[in-house]
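Reader: Hello! I am new to protein structures and would like a close look at one part of this one. Could you walk me through it slowly?

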Amino acid sequence: MSIQLKTHKLLWGASGSICARCKETVFEDATLTDDPSIVGEEAHIVSKKKDGPRYDDPLPKEKRDLVENLIILCNKCHKIVDDQVNAFTVAVLRQMKKEHEAAIKATFGQEDPAKQRDDLIYAGYVDEWVRLAEVDNWADWSYGVL
């Protein structure tokens, strides 16, 4: 399973496109000659890879790509958090995420509920299309054609 579009939208929206650890923006605007650059990453609090950080947590594997187990971090903070697992435990990261998202909500308020609902409905349609089209398996079914 991969992270669904709906999850991406919820996660990035709740984070305000700001790193939950250092509070820096996780994108650079476009320049006159270059496209914008995303320097943020969707970090797993509990890894879904056996050799990943904090993998041993009892969180079921099917819940590891859900918004509750993801946090937006800049590239640098993501590396630090994954390298320093004793300092950045599951509990510490969950608290960091909770406090960061609460601060974003308090600062920027709630988005228009009707627009948010519509965005999530359309994201659900896209996720369903991706599932039905088996886009996650495109390499397998397109290999013979290419």
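What follows is my request and one long answer to it. Please take me through the loop between β3 and β4: which salt bridges does D65 or D57 form there, and where do their partners lie?

Author: Happy to! Please keep in mind that this is a predicted model.

Let us begin with the setting. The protein has 5 helices and 4 strands, and along the sequence these follow the pattern α-β-β-β-β-α-α-α-α. Your loop runs between two of the strands, β3 (40–44) and β4 (70–74). Of the 146 residues of the protein, 28% count as buried. Among contacts between residues at least 6 apart in sequence, 66% join residues at least 24 apart.

Now to the salt bridges. Searching the whole structure gives 5 of them. Side chains of opposite charge can pair when their charged atoms come close. One pair to look for is K48 with D65, where the closest N and O atoms are 2.8 Å apart. Both partners sit in the loop between β3 and β4, 17 residues apart. Their surroundings are worth comparing: K48 is partly exposed, at 37% relative accessibility, while D65 is buried, with a relative accessible area of 4%. The cut-off used here is simple: under 20% counts as buried and over 50% as exposed, so the value for K48 falls in between.

The other pair you asked about reaches out of the loop. D57 meets R94 in a salt bridge, with 3.9 Å from N to O. A salt bridge here needs that nitrogen and oxygen within 4 Å, so this pair qualifies. D57 belongs to the loop between β3 and β4, whereas R94 lies in helix α3, so the pair ties together parts that are 37 residues apart in sequence. R94 itself is partly exposed, at 37% relative accessibility.

Two further residues of the loop deserve a visit. S47 is in the loop between β3 and β4, and at 8% relative accessibility this serine counts as buried. What does S47 touch? Leaving aside residues up to four places away in sequence, S47 is in contact with G52, P53, R54, Y55 and R64.

One of those contacts, R54, is our next stop. R54 is also found in the loop between β3 and β4, and it is buried, at 12% relative accessibility. Its backbone has a special feature: phi of R54 is near 60 degrees, a positive value in a residue other than glycine. Most residues other than glycine have a negative phi. Elsewhere, K23 also has a positive phi, of about 70 degrees, although K23 is not a glycine. K23 is placed in the loop between α1 and β1 (27–28), where it is partly exposed, with a relative accessible area of 45%.

Since R94 led us to helix α3, let us follow that helix for a moment. Helix α3 covers residues 90–108, and its axis comes within 7 Å of the axis of helix α1 (residues 5–15), crossing at roughly 70 degrees. The two helices are therefore roughly perpendicular to each other. At their contact, L11, G13, A14 and S15 in α1 meet K97, H100, E101 and I104 in α3. These contact residues divide into 3 nonpolar, 3 polar and 2 charged.

Just past the end of your loop there is helix α2 (residues 75–83), which holds a salt bridge of its own. K79 pairs with D83, with the closest N and O atoms 2.8 Å apart. K79 and D83 are 4 residues apart in that helix, so about one helical turn separates them. K79 counts as exposed, at 51% relative accessibility.

You may also wonder about cysteines. A disulfide is a covalent bond between the sulfur atoms of two cysteines, and a search of the whole structure finds 0 of them. C19 has the sulfur of C22 as its nearest cysteine sulfur, 3.7 Å away, and C19 is buried, at 0% relative accessibility. The sulfur of C77 is 3.6 Å from the one in C74, its closest cysteine sulfur, which is too far for a bond. C77 is buried as well, with a relative accessible area of 2%.

To return to your request: D65 pairs with K48, and D57 pairs with R94, which lies in helix α3.

Methods: Residues are numbered from 1 along each chain as its sequence is written. This is a predicted model: local features need pLDDT of at least 70, side-chain atom pairs count only at pLDDT 80 or more; totals for chains, interfaces and linings use all residues. Side-chain values use heavy atoms; hydrogens and water are left out. Axes are lines fitted to C-alpha atoms, for helices over the stretch in contact, and angles run from 0 to 180 degrees between N-to-C directions. Angles under 35 degrees count as roughly parallel, over 145 as roughly antiparallel, 65 to 115 as roughly perpendicular and the rest as oblique. Contact means heavy atoms within 4.5 Å. Ala, Val, Leu, Ile, Met, Phe, Trp, Tyr, Cys and Pro count as nonpolar, Asp, Glu, Lys and Arg as charged, and the others, Gly among them, as polar. A salt bridge is a side-chain nitrogen of Lys or Arg within 4 Å of a carboxyl oxygen of Asp or Glu. Buried means under 20% relative accessible area, exposed over 50%, partly exposed in between (1.4 Å probe, protein chains only). A disulfide is a pair of cysteine sulfur atoms within 2.5 Å.
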